[in-house]
Amino acid sequence: MQELVDLTSKLLQNGDVNVVIGYEEGPRGVRPVVAATPDDCRRLIFDHRAVHNLATYLSPRRKHLRVRGRAAVVLKGCDAAAVATLLRERQLKRDDVVLIGVRCGGVYRTTTAEGALSADNVADRCGGCALREPTLVDHLVGDLPPEPPTAGQRAARIAALEELSPAERFDYWRRSLADCVRCNACRAVCPLCVCERCVADKTDPQWIESSPHLRGNFSWHMARALHLAGRCVDCGECQRACPAGIPLTVINGKVGQVMGARFGFRPTDDPDAPAPIGTFDPDDSQEFIR
Amino acid sequence: MNLYTPHPVRVAEVIDETVDTRTLRLEFKDPAFAESFDFKAGQFGEYSVFGAGECTFCIASPPTRRGYIECSFKKVGKVTNAMRELEVGDTMGFRGPYGNHFPLDRMEGDNLLFIAGGIGLAPVRCVIWNALDLRDKFRDVTIVYGARSVGDLVYRRELEEWAGRDDVKLWQTVDPGGETPDWKGEVGFVPSVVEKAEPKAENTYAIICGPPIMIKFTLPVLIKLGFTKDRIFTTLENRMKCGLGKCGRCNIGPVYVCKDGPVFTAAQLEDLPPEF
Amino acid sequence: MSNEQKYLSESEFDALVRELIASGKRVVAPVAAEDDLEPQADYRAVSDPAKIVLDGPLPRRSLKEFFLPATEALLRWRLKKGDVALDETEADYPETVVVGASPCDAAALPTVDRVMDWDYRDEPWFGRREATVVISRACPGRDSSCFCPVVGLAPDSTRGADVMLYPSGEDAGGYLVEVITERGAALVAAHSKHFQAPREPAGVARLREEARARVDGNSSARPDEIRRWLDKNFEHELWDRLAERCHGCGACAAVCPTCHCFDIVDEPEGGDSGTRRRNWDTCQAAVFTLHGSGHNPRETQNARFRQRVLHKFAIYPERFGEILCTGCGRCVRACPGGMDLPEILEELGRLATSSQSAGGTP
């Protein structure tokens, strides 16, 4: 994408930024790259395989990247929503980054997929996306591609789970979470898991057992879901990173549905939009208080 | 029982060293094991509080005093917090001894210079008593010990005992500002006190343990005094879980602190990658 | 091959598995992942040979968890009136037959044996090793992430296998069986009625050839050269940038057949009793080496990734004469950040070569 190459080269040449975090063609699929010279920028690309949410590299936890200086980052709309959350939660200062939005026609589920985007290979979050032209940007590049197809698998799974009795549903999650080995990859890739010391790493007192048995796994995944309620932008990185194939976006998706129905919350790239967790509204539903 | 099973020990004595440092004397519950238990100065063990977990410390008492072991610790985390709650009669676990040791047999017939800072006296104290219990085998024994303040000096009763012995030369020091009106020792940092003590390097082994910054500035002083790096010993600590070379976290490059250490010469330290 | 050979037909394979299960043994084999959008496989204990998929994708996680479970109880304690009772956890490791192990997974087992037997013998590991017979199946050569030839292995390596199955290449299926160890011979002898007289189907050699061809060109890295370079270059500008895209998530370690680092934790269950457990851990996590004082010898992700490379290609070879990697490529496939070990090995190889040609000491 020449427009992206030209823009980022100029940003580096002008000294606006020290590095550009974007996408490159890796040896096996598209992957993130940290470009530090205009020459590096020639490697920058953007296509349907640009699955990764690069906002995660802006997290204050990324100390080895922070030392590289001021960064520009390439963002899809869904990624820009994560940046908006970081700004909303004061994890990032707007002036510390240059945001390069790309107009997006959807991405695959995997970084190595090929062929036309279809309902079978498109990421769950892409269908009906309202953020295909991010607004939280300093620069916006590319032409607006056609709307992506809608993948129905996740919605179907959530619906199917809702049909089950609580006991059957519990059994589903018991089987699913039994495979969790607590590698914490879901946490490490999440752009919004920003805690310097995660509650799951605290030992005194130990709120969440670190062992990957069912007790520990349920504690962890429930804590994760609740800490992301009203914050998760549904980028799906957790599920993509999970070496056990746990359907984490089914959890996130369901929590997202609840946040939408209860609090009218949708992921947005407007950093000034109120955060459900930080906003008191006397009209909030309170029927759960008995 | 598998190799991760500790031996139950009874807390026999609790000694408050400073505001935040405590020594526990531990006795093995199994008399047969207590009888057979042996170790060498410098070795370490995994101490456990059941319910809190395990923690790695050197054995701070000397192998010449049989029937018990001691460990000295600061309250820094879950296990040490739990150890802090223990009282005489309570039960802990211990597995060990692990690791290598100070080559005291090689040092026989020579002078010993001990240098320690803060709680770094714990592993050094084990060697000091080991040597003093076999006093005939060694020549001059010199101890330089420093802490941030008078209140931070550990093993105070033993320092008094060493000060009173005419076969031990003891230099005690506290950092400037750390002294009290009745402080009789030195005021200054350990490296300068070592310089002042002027231990002779000939036929002398140095054993040094303390904060990295203290070691960093003391080594050049020792070299200037004529010590060679293969006659300067120290002990390292790194985070460990198994103590047995398996859990994979204590290595510094190719060197496993739990198996190749924890005791190293200054010459060996120089060859290690800068990752400790 | 000079080992004893047999032939096993497709239907006798199923009958053998059924007989093993009926005899009370746990049979572990690759099966299709039950709940994933992509076609994936996992090693699972199976109760029905029809579930076994021997020609499917490489299982997501290696065989490691059947020898070093992601979590296991080391002991249980009960405190009572100033005393403690320590109960050994059940040391009955189930008699297990792994059917259809990938050669890169089987090869990891004797490699990890070395550290587990380093002066102190890890009973839980060896308890499970001794209770298990491994039947490997020659691999077809998976994809461009495979680099087993770099570490001296091949899609049909028998290292770590007790019995090896080579697909016949015939329409009717079936396998050429090679008996590798005494343990394998005992299993074959105990179930001899399922094995037929040896014959080498024509397709075997061709399939083995094709499998090797599929992965041989993936990398030309030379681990001996790389190790010489690593030994001299703990500090090098490469390490300052290497892991920038790395999330430190440890997915690589979770799927790795040779990563064996672990944590030991206590878990109280009620007031006076509880369990001491051993859990998988990873050098990619910042807390792995964090001291109580707050000091961390491996402060940055770059340092932590260097440790991963060094442990596998320099430290373990120095200690045990073995590379701590079987080239299975799972770390590449699993990495959400695009870290690519074969690519890194190529880069290290280039550095090693150029430092030699620049007159560096060999």
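This section walks through two chain-chain interfaces, one helix and three individual residues. The model is a predicted one, and that is worth keeping in mind throughout.

Start with the pairing of chain C and chain B. The contact draws on 48 residues of chain C and 44 residues of chain B. Put together, the two chains bury about 3900 Å², with 55% of that area on carbon and sulfur atoms. There is plenty to list on the polar side as well: the count comes to 8 salt bridges between chain C and chain B. One of them joins Glu54(B) to Arg276(C), with 3.4 Å between the closest N and O atoms. Polar contacts link 29 residue pairs between chain C and chain B, both residues being at pLDDT 80 or more. On the chain C side, the elements giving two or more residues to the contact with chain B are strands E4 (71-80), E5 (83-88), E10 (262-268) and E11 (273-280), along with helices H2 (103-116), H3 (123-130) and H9 (301-320). H9(C) supplies the largest share of that side, 7 residues. Sorted by type, the chain C residues that touch chain B come out as 22 nonpolar, 8 polar and 18 charged.

Next comes the interface of chain A and chain C. Here 42 residues of chain A meet 43 residues of chain C. The buried area is about 3400 Å², and carbon and sulfur atoms carry 46% of it. Within chain A, the residues that lose the most area to chain C are Arg28(A), Arg31(A) and His64(A), which together make up 20% of what that side buries. Chain A and chain C share 7 salt bridges. In one of these, the side chains of Glu24(A) and Arg245(C) come together with an N to O distance of 3.0 Å. The rule for polar contacts picks out 17 residue pairs across this interface, both residues at pLDDT 80 or more. On the chain A side, two or more residues come from each of strand E2 (29-35) and helices H3 (63-66), H5 (153-163), H6 (166-177), H7 (185-189) and H9 (237-241). E2(A) gives the largest share of the chain A side, 4 residues. By type, the side of chain A that touches chain C has 17 nonpolar, 11 polar and 14 charged residues.

Helix H7 of chain B offers a quick geometry check. Its 13 residues, 212-224, should span 18 Å at 1.5 Å a residue, and the end C-alpha atoms sit 19 Å apart, so the two values agree. The buried residues of H7(B) are Met214(B), Ile215(B), Thr218(B), Val221(B) and Leu222(B). Those residues pack against strand E7 (111-117), helix H6 (190-197), strand E11 (204-209) and strand E12 (232-235) of chain B. After H7(B) comes Gly226(B), with a positive phi near 105°.

Three single residues round out the picture. Thr275(C) belongs to strand E11 of chain C, one of the elements on the side that touches chain B. With a relative accessible area of 1%, Thr275(C) is buried, and the cut-off for that label is under 20%. The side chain of Thr275(C) makes a polar contact of 2.9 Å with the side chain of Glu269(C). Beyond residues up to four places away in sequence, Thr275(C) touches Ala73(C), Leu75(C), Arg76(C), Trp77(C), Val265(C), Asp266(C), Glu267(C) and Glu269(C).

Gln5(C) sits in strand E1 (residues 5-8) of chain C. Its relative accessible area is 17%, so Gln5(C) counts as buried under the 20% cut-off. Apart from neighbours within four places in sequence, Gln5(C) is in contact with Leu176(C), Val177(C), Pro198(C) and Glu200(C).

In chain A, Ala200(A) is found in the loop between H7 and helix H8 (214-228). At 9% relative accessibility, this loop residue, Ala200(A), is buried. Although Ala200(A) and Trp220(A) are 20 residues apart along the chain, their C-alpha atoms are separated by 6.9 Å. Trp220(A) also appears among the contacts of Ala200(A), alongside Arg187(A) and Ile208(A), once neighbours within four places in sequence are set aside.

Conventions: Residues numbered from 1 in each chain as written. Chains lettered and ligands numbered in written order. Predicted model: local features only at pLDDT ≥ 70, side-chain atom pairs only at ≥ 80, totals over all residues. Heavy atoms only, no water. Contact = heavy atoms within 4.5 Å. Buried area = accessible area lost by both parts, 1.4 Å probe. Salt bridge = Lys/Arg side-chain N within 4 Å of Asp/Glu carboxyl O. Polar contact = N/O pair within 3.5 Å; in protein donor to acceptor, adjacent residues only side chain to side chain. Nonpolar A, V, L, I, M, F, W, Y, C, P; charged D, E, K, R; others polar. Expected span 1.5 Å × (residues − 1). Buried < 20%, exposed > 50% of the residue type's maximum accessible area, 1.4 Å probe, protein only.
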